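I opened a new model today and went through it element by element. These are my notes, in the order in which I looked things up.

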Amino acid sequence: MASHIVGYPRMGPKRELKFALESFWDGKSSAGDLQKVAADLRESIWKQMADTGIKYIPSNTFSCYDQVLDTTAMLGAVPPRYGWNGGEIGSDVYFSMARGNASVPAMEMTKWFDTNYHFIVPELGPDVKFSYASHKAVTEYKEAKALGVDTVPVLVGPVSYLLLSKPAKGVEKSFSLLSLLGKILPIYKEVISELKEAGASWIQFDEPTLVMDLESHKLHAFTEAYSALESTLSGLNVLIETYFADIPAEQYKTLTSLKGVTAFGFDLVRGTKTLDLIKGDFPEGKYLFAGVVDGRNIWANDLAASLSTLETLEGIVGKDKLVVSTSCSLLHTAVDLVNETKLDKEIKSWLAFAAQKVVEVNALAKALAGQKDEEIFSANAAALASRKSSPRVTNEAVQKAAAALKGSDHRRATNVSARLDAQQKKLNLPVLPTTTIGSFPQTMELRKVRREYKAKKVSEDDYVKAIKEEIRKVVKLQEEFDIDVLVHGEPERNDMVEYFGEQLSGFAFSANGWVQSYGSRCVKPPIIYGDVSRPKSMTVFWSTLAQSMTARPMKGMLTGPVTILNWSFVRNDQPRFETCYQIALAIKDEVEDLEKNGITVIQIDEAALREGLPLRKSEQAFYLDWAVHSFRITNCGVHDTTQIHTHMCYSNFNDIIHSIIDMDADVITIENSRSDEKLLSVFREGVKYGAGIGPGVYDIHSPRIPSTEEIADRINKMLAVLETNILWVNPDCGLKTRKYTEVKPALKNMVDAAKLLRSQLASAK
């Protein structure tokens, strides 16, 4: 029975790795303690797959931070600022690259394709001296073998590794990263030889960049790389795994003619067109790893439909050459449904988390081999039927309202410069106004109060009193620092999406459905199973309470429809845009309620707008069109004097700047400091932007506290390309994950920097 899993979540069913990492980083436990937790998790993952009956079990997909960073360590590509002097890379250097340390900043982090996972971007240049500096892949293969599990070691493929890298600081932007291929392949050869020696019979290279639009020289690099590795790989079965989209015909041709490669893995969930390519021409005698079980969602597989797809493929590639697999690594889904004791029974029957997907893969492989488990298949069919006919999924009124949106563009009546004038008359802000993005640190006490209120251990009165006190403290602090536009700090919110989802209909929530976002940070995406609507106002109580504590403007804080969509597990029984329009209508109701209640500045975060951008150019315009339209729907009905802000984080905006302008927000704040002001280059190149803009002046993802001079220097760089009257001064993102000991000095320095520049600008006049 040929079954395969591309990769598996690392955090553990109850986030064991997260807590072990944070304890280690806080100096509360040793490297040995961390390694013990990691080893136990690896063992349980391997054993679970082996016990289920999976044949091709991956190793080296586990990581204490990120698989691309693991590859950087393997290649010894440590940027010089970390002071590494050769030898095997230890946890100190490894985590400094990931998180920065007291003296040097972290490496850049960016999104892994179109997922909500972030990887650490390699910084390369002509002078990097590569060396085999982390033996993790071999060590973990041997570790599994000692436990009696023969695994398939997984490496990030050499070409994708280079294509996902960036030129280091000081290296020409035009530097060809692929020119380093000849320098990294010798290290790949060393790793492969050691794996062979250790007894590996299969090896998996993840080359997901093959699904992207690639120029011919990039495509040729794959041919070059695998030809160069051919002799080292001989005697091994070699799988090249692709995922996240269908593979373009040209790429398919290159991939399937690679030398020395035995097997090809495709995502047949997001890549339905790949099926046609396989039917048209699949190389004889090669293995097809068919990714029919969705690695990016939590819905139970339609086993009957998958089986019929597999039977068709079997006719093409032959019985002994077809392997049932997941569409991609299960890293992007929740870990185990077993821990969901509170989830509604009916909804639970519609779901499958990673552990259940392993069972689905195995059930399909068995059915293909003529050992169909009728019980599993009939339970699956019953669950799918109940989801199709359930009255909780459909709300006629919402369907009608969303359908009625099609006729209009939903733009505000006046243009942005006229609106900004009207808002300034009302708000009377200084030049370079200061604000923060929304959240303030969530202390242990605060989390405890929320937890106890949820568990009904604290009365509603006591809870409201505690939250009120926290808001008062945050307002007072911002006034002391002399920040211009205030926030209430969001003490009542666990998460920017979950908080809203819990108050909207059509959403369900798991207790342990955590998914890794980066490092130890996990998110728990809501599950959108039905039509979405807003039964009653969600934020008006807290926002008006906070506004009553200050004479300064208090921002209403909402999460935008596209972000709610992209950060949820979305129903797969209607197009994504339909669900997005429904959410937009619910947020529109909230925006108008806030305005009615005297809130004059309303921020609608679209942190994840870029995240949903399809990987291929040909599909991007359609997505951007409905995503931007959804945002405009939320605020098209407000007065000119109401200032609409939006916030975006971790993104490469340069390619979607025109869509951002088309959102027509009054002010946009953007994560900028960690992507090294790439954003500003757009404006240098002459893109005209007339709305307010606040590129982040310091990185909140690092514990480092920037000095006033450093922030002033950053603002000056911005003033070189942006008009003084539209620039805002703010941190990169919300402050929720930081400690007050870091936030206080950083905000003080930020306001001091803004004031310093105000006085310089005034005297220059």
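**Entry 1: a three-stranded sheet**

I began with β12 and strand β15 (residues 527-533), which pair in the antiparallel sense over three bridges. The model is predicted, and I read everything below with that in mind. For one pair in register I looked up Phe507, and its bridge partner in β15 is Ile528.

I then asked in what order the strands of this open sheet stand. The order is β12-β15-β17, three strands with mixed pairing. β12 (505-508) and β17 (569-570) are at the edges and have a single partner strand each, so each has one side without a neighbour in the sheet. As a reminder to myself, strands of a sheet pair through backbone hydrogen bonds, either parallel or antiparallel.

**Entry 2: the helix across the sheet**

Next I took helix α22 (residues 576-596), which lies across β15 and β17 and runs at about 50° to β15. I checked its length: at 1.5 Å a residue, the 21 residues of α22 should span 30 Å, and the end C-alpha atoms are 31 Å apart, which agrees.

Is α22 largely enclosed or largely open? I found 15 of its 21 residues buried, so the rest of the structure largely encloses α22. After α22 comes Gly598, with a positive phi near 85°.

I also followed Ser630, which sits in helix α23 (residues 617-635). Its relative accessibility is 0%, so Ser630 counts as buried. Not counting residues up to four places away in sequence, Ser630 touches Pro561, Val562, Cys580, Tyr581 and Ala584.

**Entry 3: helix α20**

Helix α20 (residues 540-547) is mostly covered, with six of its eight residues buried. I listed the buried ones as Val540, Trp542, Ser543, Leu545, Ala546 and Gln547. What do they pack against? The buried residues of α20 pack against α18 (460-481), α19 (498-501), β16 (555-559) and α22.

**Entry 4: the annotated binding site**

I turned to the UniProt record, an unreviewed entry, whose "binding site" annotation covers Lys18, Asn116, Arg521, Cys522 and Trp567. From this set, the lining of the largest cavity takes in Asn116, Arg521 and Trp567.

I looked at Lys18 and found it in helix α1 (residues 16-25). Lys18 has 14% relative accessibility, and buried means under 20%, so Lys18 counts as buried. Leaving aside neighbours within four places in sequence, Lys18 is in contact with Met11 and Ser520.

Asn116 is in the loop between β2 (109-111) and β3 (118-120). Its relative accessible area is 19%, and Asn116 is buried. With neighbours within four places in sequence left aside, I noted contacts of Asn116 with Lys111, Gln516, Ser517, Val523, Trp567 and Glu611. One of these contacts, Trp567, is itself in the "binding site" annotation of the unreviewed entry.

**Entry 5: the annotated N-terminal domain**

The same record was my source here: UniProt (unreviewed entry) annotates residues 3-315 as "domain: Cobalamin-independent methionine synthase MetE N-terminal". I computed that the end C-alpha atoms of residues 3-315 lie 18 Å apart, and that the span is 42% helix and 13% strand.

I picked out strand β7 (residues 202-206), which runs parallel to β8 and is joined to β8 by five bridges. The bridge partner of Phe205 in β8 is Ile240. Four of the five residues of strand β8 (residues 237-241) are buried, so β8 is largely enclosed by the rest of the structure.

**Entry 6: β21 and the annotated active site**

Pro695 lies in strand β21 (residues 692-695). With 0% relative accessibility, Pro695 counts as buried. I computed 9.7 Å between the C-alpha atoms of Pro695 and His647, which are 48 residues apart along the chain.

Which residue does the "active site" annotation cover? In the unreviewed UniProt entry, the annotation covers His701. I located His701 in the loop between β21 and α26 (708-719). His701 is buried, with a relative accessible area of 17%.

Terms used: Residues numbered from 1 in each chain as written. Predicted model: local features only at pLDDT ≥ 70, side-chain atom pairs only at ≥ 80, totals over all residues. Heavy atoms only, no water. Pairing = 2+ DSSP bridges. Helix = DSSP H or I, 4+ residues; strand = E, 2+ residues; numbered from the N terminus. Contact = heavy atoms within 4.5 Å. Axes fitted to C-alpha atoms, helices over the stretch in contact; angles between N-to-C directions. UniProt positions renumbered as here; feature names shortened; annotations may be inferred. 1 Å grid on protein atoms, 1.4 Å probe; cavity = no way out; pocket = protein on both sides within 12 Å on 5 of 7 lines; lining within 4 Å. Buried < 20%, exposed > 50% of the residue type's maximum accessible area, 1.4 Å probe, protein only. Expected span 1.5 Å × (residues − 1).
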